[in-house]
Amino acid sequence: MVSQNIEKALNKQIRIEAESSQIYLSMACWAESKGFEGVAEFMFAQADEEREHMLKLLKYLIERGGNAVISELSKPATGFNSPKQMFEEVLEHEIFVSNSINDLVSITFEEKDFATNNFLQWYVAEQIEEEATARTILDKINLIGDDKSGFYLFDKDVRSMIVVPSV
Ligand code: OFO
């Protein structure tokens with residue numbers, strides 16, 4: 001059985017993961033509308049992955065006897081100046097998620113909930129990957145600069161970075 005504080009903190013993270021999925025879905029739609037098909041495919045996959053993260057937390061909370069709450073979600077941004085600006089927002093968002101996971105882990109220490117602490121280690125490792133992927137993509141975009149043919153190749157290349165969910 002989880003404590004009320006852990007239940008509240010897990011529900012908050014469930015909302016954050018669901019909002020991440022919506023944010024990336026919105027980015028996928030924008031990329032698709034601009035003809036960046038590889039980027040769109042990548043972001044659709046990211047949106048699916050975040051939904052899996054949300055479900056994994058939700059199922060864990062239920063399994064531990066807590067009440068999972070499905071919250072109202074904030075409306076994601078719909079327009080971006082460029083893929084570069086969009087991926088800068090992805091990185092910023094993933095750093096926000098990492099900080100939120102870290103806060104959650106520190107609550108498990110306060111509550112002496114070592115089972116939840118152990119469960120959350122998967123998310124700690126996942127966040128290292130997600131931040132690294134966003135940084136790698138931004139490095140590639142910065143290398144390309146204004147070269148249109150380079151961007152055409154990048155749009156194809158980004159498809160190879162799609163990660164099949166391991167949850
Ligand atoms: Fe990319 O955020 Fe989930 O964990």
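Let's start where α2 meets α4. On the α2 side, Phe 42, Gln 46, Glu 49, Glu 50, His 53, Lys 56, Leu 57 and Tyr 60 take part, and across from them in α4 sit Ala 115, Thr 116, Phe 119, Leu 120, Trp 122, Tyr 123, Glu 126, Glu 130, Thr 133 and Ile 137 (contact means heavy atoms within 4.5 Å). Sorted by class, the residues of this contact are nine nonpolar, four polar and five charged; Ala, Val, Leu, Ile, Met, Phe, Trp, Tyr, Cys and Pro count as nonpolar, Asp, Glu, Lys and Arg as charged, and the others, Gly among them, as polar.

Before going on, know that this is a predicted model, where local features need pLDDT of at least 70 and side-chain atom pairs count only at pLDDT 80 or more, while totals for chains, interfaces and linings use all residues. Residues are numbered from 1 along each chain as its sequence is written, and side-chain values use heavy atoms, with hydrogens and water left out.

How do the two helices lie? The axes of α2 and α4 (residues 114-144) are 12 Å apart, at an angle of about 170°. Axes here are lines fitted to C-alpha atoms, for helices over the stretch in contact, and angles run from 0 to 180 degrees between N-to-C directions. α2 and α4 are therefore roughly antiparallel, a label for angles over 145 degrees. As for the helix names, they go to DSSP runs (H or I, at least four residues), numbered from the N terminus.

Leu 57 also leads us to α1. Ile 14 is part of that helix, which spans residues 4-33, and its C-alpha atom is 6.3 Å from that of Leu 57, although their positions lie 43 residues apart along the chain. Apart from neighbours within four places in sequence, Ile 14 touches Met 54, Leu 57, Leu 58, Leu 61 and Val 69. With a relative accessible area of 2%, Ile 14 is buried (buried means under 20%, exposed over 50%, partly exposed in between, with a 1.4 Å probe and protein chains only). Cys 29 is in α1 too, but at 45% Cys 29 is partly exposed.

Now for the loops. Ser 74 is in the one between α2 (37-63) and α3 (83-110), and is partly exposed at 48%. Lys 112 is in the loop between α3 and α4, and its 63% relative accessibility makes it exposed. Its phi is positive, about 50°, although Lys 112 is not a glycine. Most residues other than glycine have a negative phi.

Last comes the largest pocket, with a volume of about 260 Å³. A pocket is an open set of points on a 1 Å grid over the protein atoms alone, where a 1.4 Å probe fits, with protein on both sides within 12 Å along at least five of seven lines; lining residues have an atom within 4 Å of a point. The volume is the space filled by probe spheres set on the points, which are joined across faces, edges and corners. Among the lining residues are Ser 82, Lys 84, Ile 141, Gly 145 and Phe 151. Which element gives the most to this lining? That is α4, with three residues.

How values were computed:
Angles under 35 degrees count as roughly parallel, over 145 as roughly antiparallel, 65 to 115 as roughly perpendicular and the rest as oblique.
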